[in-house]
Structures are given as C-alpha cells and as structure tokens.
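I opened my notebook to look up a few things about charged pairs, cysteines and an annotated position. I write down each result in turn.

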Amino acid sequence: MAAIVRISSVCHRGGKLLFYRSSLLARPLVTQQKDQDRSYPLTARIHGSSSLRAAGSVSKAASLHWTGERVVSVLLLALGPAAYYFPGPAVDYSLAAALTLHGHWGIGQVLTDYVHGEPKIKMANAGLFLLSTVTFAGLCYFNYNDVGICKAVALLWSK
Amino acid sequence: MALLLRTFTRQGTCLFRPQFGILCRHAVPMGTTANEEMNTFWAKNNKLNRPMSPHLTIYKWSMPMMMSITHRGTGVGLSGGISAFALLALVLPGNYPYYLDLIHSLSVGPALLSLAKFGIAFPVSYHTLNGIRHLFWDSGKGFKIPEVYRSGYVVIVLSILTSIAAIGYM
C-alpha cells in the first residue's frame with residue numbers, strides 16, 4: 001500500500017493511473033482470496049510457487065542438456081582427425097558413443113519440433129531411445145567382432 | 001518496503017493477510033509452464049480440427065532457410081544410415097569384408113562408384129562444416145545478415161570441394 005502511495009506522490013498523474021490500474025487488477029484477486037482463503041494459509045495457495053520452482057529446475061536441466069549437446073559435438077569433431085591419424089579400438093568405441101549420442105540428441109530435437117501431443121511425444125521418444133540403444137549395441141558389436149569403424153571406413157574408401 | 005516486497009516475490013511466497021491482496025498480486029507467479037501452455041495450444045487446435053495456415057508454401061525461401069533444413073536433412077539421413085549399419089551388423093551372418101567383396105564383385109563402374117562416394121562424402125562434409133558454423137553462432141559470433149550469407153556460401157563451396165577431393169583420394 002505504502003509503495004503505491006509513494007509512487008503516486010513522486011509522479012502525480014502517472015502514480016494515480018498506476019494506483020487505479022493495479023487496484024482494478026487486484027480487485028478480482030482480493031475477492032477470490034476472501035472467498036477461498038479460509039482453511040489454509042496464503043503461502044500454500046500461491047499455486048504458482050511449486051511450478052515456479054519446478055520450472056526453475058526444468059530450465060536448469062534444459063540448459064545443461066544444451067551445453068552437453070555442444071560438448072559432444074566438439075568431441076565428435078575432434079574424433080574425425082583422431083580416426084584418421086590414430087585408428088584403433090579406443091577411437092572406435094569413442095566414435096560409437098559420440099556418434100550415437102549426437103544422433104540421439106539430434107533426432108530428439110527433430111521430434112520436439114514436429115511431434116505434438118503428450119502421448120505421441122512419449123511414444124516417439126521411447127522409439128528413439130530403443131533405436132539409439134540398438135544402434136550403440138550394433139556399433140559396439142561391430143567394433144568387437146568385426147574390423148571396427150575406422151578400418152571399415154578405410155576399407156570402404158579403398159574401393 | 002519495496003525491498004521487502006521484492007524479496008518475497010522472488011521466493012514466490014506471500015505472508016500478507018488477504019486484505020493486503022493488492023500487494024500479494026505481485027507475489028503470485030505464473031501458474032503454468034511454457035510447456036504446459038504449448039501442449040494446451042496444440043490440444044485445442046487438434047480437437048477443433050483447425051487447418052494449418054500456409055507457411056512453407058507461401059514464404060519466400062532464402063539461402064539460410066535452405067541451408068538450415070539441409071543441415072537437418074543430412075543429419076537425419078546420416079543418423080538413419082548409421083542406425084541401419086548397426087542393425088545390419090547385428091542381424092547379418094557374415095562379416096564386413098565379406099559383404100564389401102560382395103559389393104566389389106558387382107563391378108559397378110567408375111562413374112557410379114564416384115557418385116556413390118560423393119553421395120556419402122557430401123552429407124558428412126556439409127553437416128560437419130555447417131555444424132562448425134552452428135558452433136560459431138553458439139559462441140555468439142557471426143549473426144549479422146551479411147556474415148550469415150558469407151559463412152553459408154563458404155560452407156557450401158568447401159563441402160563440395162572436400163567431397164570431390166574425397167572421391168579422388170585413394
């Protein structure tokens with residue numbers, strides 16, 4: 001209350017306008033509170049606060065995901081020359097991991113862009129997870145039981 | 001007083017009594033997340049069977065637009081190719097050199113061979129080079145429109161050159 005009075009004292013016309021606007025806006029809220037605010041304190045009814053905290057942690061997770069995507073991208077970029085100059089099992093398995101993860105996250109972004117509706121999103125992401133798992137398993141199997149990714153590319157190109 | 005109000009607003013709490021609801025108004029944050037609102041938007045549109053406004057068919061295509069969707073297209077294509085390779089590795093009985101010799105024995109001819117090599121090399125090359133361009137954007141650089149077009153042309157030219165060079169190699 002005092003804050004609004006102070007504002008109106010500083011800037012007369014603007015302050016009056018602010019006071020009227022905010023009081024008009026606040027009126028429905030005040031009546032709503034009077035009706036419902038009987039059995040529990042106001043703090044519990046700030047329904048936004050729990051979703052605000054949830055939104056904060058969701059935002060943090062999304063931010064970390066973004067950074068993770070860039071880190072894997074740079075790693076994959078470095079694995080290119082590494083595969084050329086130092087072919088072998090270390091690079092083979094690193095490539096399997098980096099390629100699968102980069103692809104998984106990339107397709108995930110495509111799904112996020114084009115798939116809408118809670119059940120469809122869940123299905124699509126489940127399918128992607130399955131595909132990525134099989135891809136990683138297949139690449140590791142290839143690295144273990146066959147020539148390995150680096151050698152495979154070299155052989156393919158020697159055609 | 002204002003400081004007090006700001007502190008409580010940030011924490012999303014409001015300890016005032018109802019008759020001071022006018023102050024609490026600033027302390028009540030949004031009830032829904034952006035994700036929830038987006039889902040509501042799509043659910044409503046689907047339920048009402050609303051047609052989608054034309055967008056891709058009417059907006060003038062620009063070079064950055066085409067490069068962006070090509071980046072996505074090559075990414076999806078390469079990812080699909082890798083997954084297909086991994087699946088075949090798990091399912092097919094023989095080993096890699098066996099199948100390579102099988103393909104060799106088809107005697108495809110040099111022109112088609114070069115085309116196939118280009119078909120593999122170009123998506124890899126384009127996606128990698130444009131990916132580097134993306135990483136520059138992520139660091140905050142190169143957003144001015146002339147820069148966007150210039151870096152775009154560089155990526156296209158380098159992709160084609162490196163793919164052709166890759167065909168000639170070995």
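I began with a pair of charged side chains, and I found that D113(A) and R72(B) meet in a salt bridge, with 2.7 Å from N to O. I then checked where the partners sit, and this pair crosses between chains, from D113(A) in helix α5 of chain A to R72(B) in helix α4, residues 63–91, of chain B. I keep in mind that this is a predicted model.

Next I looked up how far the two partners are open to the surroundings. D113(A) has 40% relative accessibility and therefore counts as partly exposed, and R72(B), with a relative accessible area of 23%, is partly exposed as well.

I stayed with R72(B) for one more entry, because I wanted to see the annotated position that touches it. The unreviewed UniProt entry places the feature "binding site" at Y114(A), and I note that such an annotation may be inferred rather than shown by experiment. Y114(A) lies in helix α5 of chain A, which covers residues 89–114. Leaving aside residues up to four places away in sequence, I found that Y114(A) touches I69(B) and R72(B). Is Y114(A) buried or exposed? Its relative accessibility is 52%, so Y114(A) counts as exposed, since the cut-off for that word is over 50%.

I then asked how many salt bridges there are over all chains, and the count comes to three. Another of them joins the side chains of D138(B) and R70(A), at 2.7 Å from N to O. This pair also crosses between chains, from helix α6 (residues 110–138) of chain B, where D138(B) sits, to helix α4 (residues 47–85) of chain A, where R70(A) sits. R70(A) meets the side chain of E69(A) in a salt bridge too, at 3.0 Å from N to O. I therefore wrote E69(A), R70(A) and D138(B) down together, as they are linked in a network of salt bridges.

For the members of this network I looked up the accessibility. E69(A) is buried, because its relative accessible area is 8% and buried means under 20%. R70(A), at 23%, counts as partly exposed, and D138(B), at 29%, is partly exposed.

My last search was for disulfides, and over all chains of the whole structure I found zero. C140(A) is in no disulfide, and the nearest cysteine sulfur, that of C150(A), is 13 Å away, whereas a disulfide needs the two sulfur atoms within 2.5 Å. C150(A) itself is buried, with a relative accessible area of 9%.

Definitions and conventions. Residues numbered from 1 in each chain as written. Chains lettered and ligands numbered in written order. Predicted model: local features only at pLDDT ≥ 70, side-chain atom pairs only at ≥ 80, totals over all residues. Heavy atoms only, no water. Helix = DSSP H or I, 4+ residues; strand = E, 2+ residues; numbered from the N terminus. Buried < 20%, exposed > 50% of the residue type's maximum accessible area, 1.4 Å probe, protein only. Contact = heavy atoms within 4.5 Å. Salt bridge = Lys/Arg side-chain N within 4 Å of Asp/Glu carboxyl O.
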